[in-house]
Amino acid sequence: MNRKEQIKSAYKQLGGSASFYDGMMTYSTLPGKAVCRLVWNMDGKKNLEYLTRALSGVPEDFAGKLLEVPVGTGVLTMPVYKDLPDADITCLDYSIDMMDVAKKRAEAAAIKNISFVQGDVGALPFEDESFDIVLSLNGFHAFPDKEAAYRETYRVLKKAGCPRWKAWAAFAA
Ligand SMILES: C[S@@+](CC[C@H](N)C(=O)[O-])C[C@H]1O[C@@H](n2cnc3c(N)ncnc32)[C@H](O)[C@@H]1O
């Protein structure tokens, strides 16, 4: 199954059981679809294209160190992480409540190579150049200090890290 099919099938399984937030992010519930269409002018096809494009920067056989900030409920990324058994994945979010949902998702998917850190993107608790990939989806619009967020995510990214990172940051802002 390619990345697009993998994402589509994982989100489809959420169906009506998804929370309002997750339904909106994945175009999988009636209220979620209504918000996508009315607020963002986005149908299911566009939503899937957007997510597939954003996640395409993570190679399917990725085996390095990845930081996701903010992970939120993990609804968009756990279906991808479950197929990256050799990666070393760190997820950070300011909200413990959001991250608790993500942790449960990781447990349900039996993802072992993952850790969760509560923190502020503006003061990341990691050394310089610690990660090969820094992934941020729907995050920058929510960060109160965007300059600090860019500075910190850039600081912890290995300078020989994924060259597409800048494109992602701009794309997902
Ligand atoms: C719209 S959600 C996006 C979550 C996830 N990436 C997604 O696409 O579903 C935004 C998240 O940013 C987190 N957040 C806001 N300010 C933050 C900060 N300063 N540091 C870390 N996370 C923050 C919130 O707690 C929330 O979970």
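**Notes on the predicted model**

1. Starting with the sheet: β2 and strand β3, residues 114-118, run parallel to each other and are paired over 5 bridges. Within that pairing, Leu 92 sits opposite Val 117 in β3. Keep in mind throughout that this is a predicted model, not an experimental one.

2. β2 has a second partner to look at. β1 and β2 also pair in the parallel sense, here over 4 bridges, and Lys 65 stands opposite Asp 88 in β2. As for burial, 5 of the 6 residues of β2 are buried, so the strand is largely enclosed by the rest of the structure.

3. Over on β1, there is a pairing with β4, again in the parallel sense, with 3 bridges. If you want a residue pair to click on, Leu 67 is opposite Val 134 in β4.

4. Zooming out, the protein has 8 helices and 4 strands. Walk along the sequence and you read α-α-α-α-β-α-β-α-β-β-α-α. Of the 173 residues in the protein, 36% are buried. Taking contacts with a separation of 6 or more, 64% are between residues 24 or more positions apart.

5. Which residues have the most contacts inside the largest nonpolar core? Leu 66, Leu 67, Phe 131 and Val 134 do, in a core of 37 residues. Elements giving two or more residues to this core are the helices α2 (20-26), α5 (78-81), α6 (96-108) and α7 (146-156), along with the strands β1 (65-68), β2 (88-93) and β4 (133-135). The core also takes in both domains, with at least three residues from each of domain 1 (3-54) and domain 2 (59-172). As general background, nonpolar side chains in soluble globular proteins tend to be buried together. Leu 67 is worth a second look, as one of the residues with the most contacts inside the core and the partner standing opposite Val 134 in β4.

6. On to the ligand. There are 19 residues around it, and Pro 70, Gly 72, Tyr 94, Ser 95 and Asn 138 come nearest. Sorted by class, the shell has 12 nonpolar residues, 5 polar ones and 2 charged ones.

7. Pro 70 deserves its own point. This residue lies in the loop between β1 and α5, and the peptide bond leading into it from Val 69 is cis, with omega near 0 degrees. In general, most peptide bonds are trans. Pro 70 is also one of the residues that come nearest to the ligand, and I'd look at the backbone and the ligand shell together here.

8. Two backbone angles to check. Asn 41, in the loop between α3 (30-40) and α4, has phi near 55 degrees, a positive value in a residue other than glycine. Ala 110, in the loop between α6 and β3, likewise has a positive phi, near 55 degrees. For background, most residues other than glycine have a negative phi. Are these two positions buried or exposed? Asn 41 is exposed, since 8 other C-beta atoms lie within 10 Å and the cut-off for exposed is 12 or fewer. Ala 110 counts as exposed too, with 8 C-beta neighbours inside 10 Å.

9. Ala 87 is a loop residue as well, found between α5 and β2. How does its burial come out? Ala 87 is buried, because 21 other C-beta atoms lie within 10 Å and the threshold is 20 or more. Leaving aside residues up to four places away in sequence, Ala 87 touches Phe 62, Ala 63, Gly 64, Leu 66 and Asn 113. With Gly 64, the C-alpha to C-alpha distance is 5.1 Å across 23 residues of sequence. Among those contacts, Leu 66 is also one of the residues with the most contacts inside the largest nonpolar core.

10. Last one: Ser 56, in the loop between α4 (44-55) and β1. Ser 56 counts as partly exposed because 13 C-beta neighbours fall inside 10 Å, and partly exposed covers what lies between the exposed limit of 12 or fewer and the buried limit of 20 or more. For a through-space link, try Lys 4: the C-alpha atoms of Ser 56 and Lys 4 are separated by 8.9 Å, while the two residues are 52 apart along the chain.

Key
Residues are numbered from 1 along each chain as its sequence is written. This is a predicted model: local features need pLDDT of at least 70, side-chain atom pairs count only at pLDDT 80 or more; totals for chains, interfaces and linings use all residues. A residue is near a molecule or strand if its C-beta atom, placed from the backbone, lies within 6 Å of it. Ala, Val, Leu, Ile, Met, Phe, Trp, Tyr, Cys and Pro count as nonpolar, Asp, Glu, Lys and Arg as charged, and the others, Gly among them, as polar. Two residues are in contact if their C-beta atoms, placed from the backbone, lie within 7 Å. A nonpolar core is a set of buried Ala, Val, Leu, Ile, Met, Phe, Trp, Tyr and Cys residues joined through C-beta atoms within 7 Å. Domain bounds come from an automatic or database domain assignment. Two strands pair if DSSP finds at least two bridges between them.
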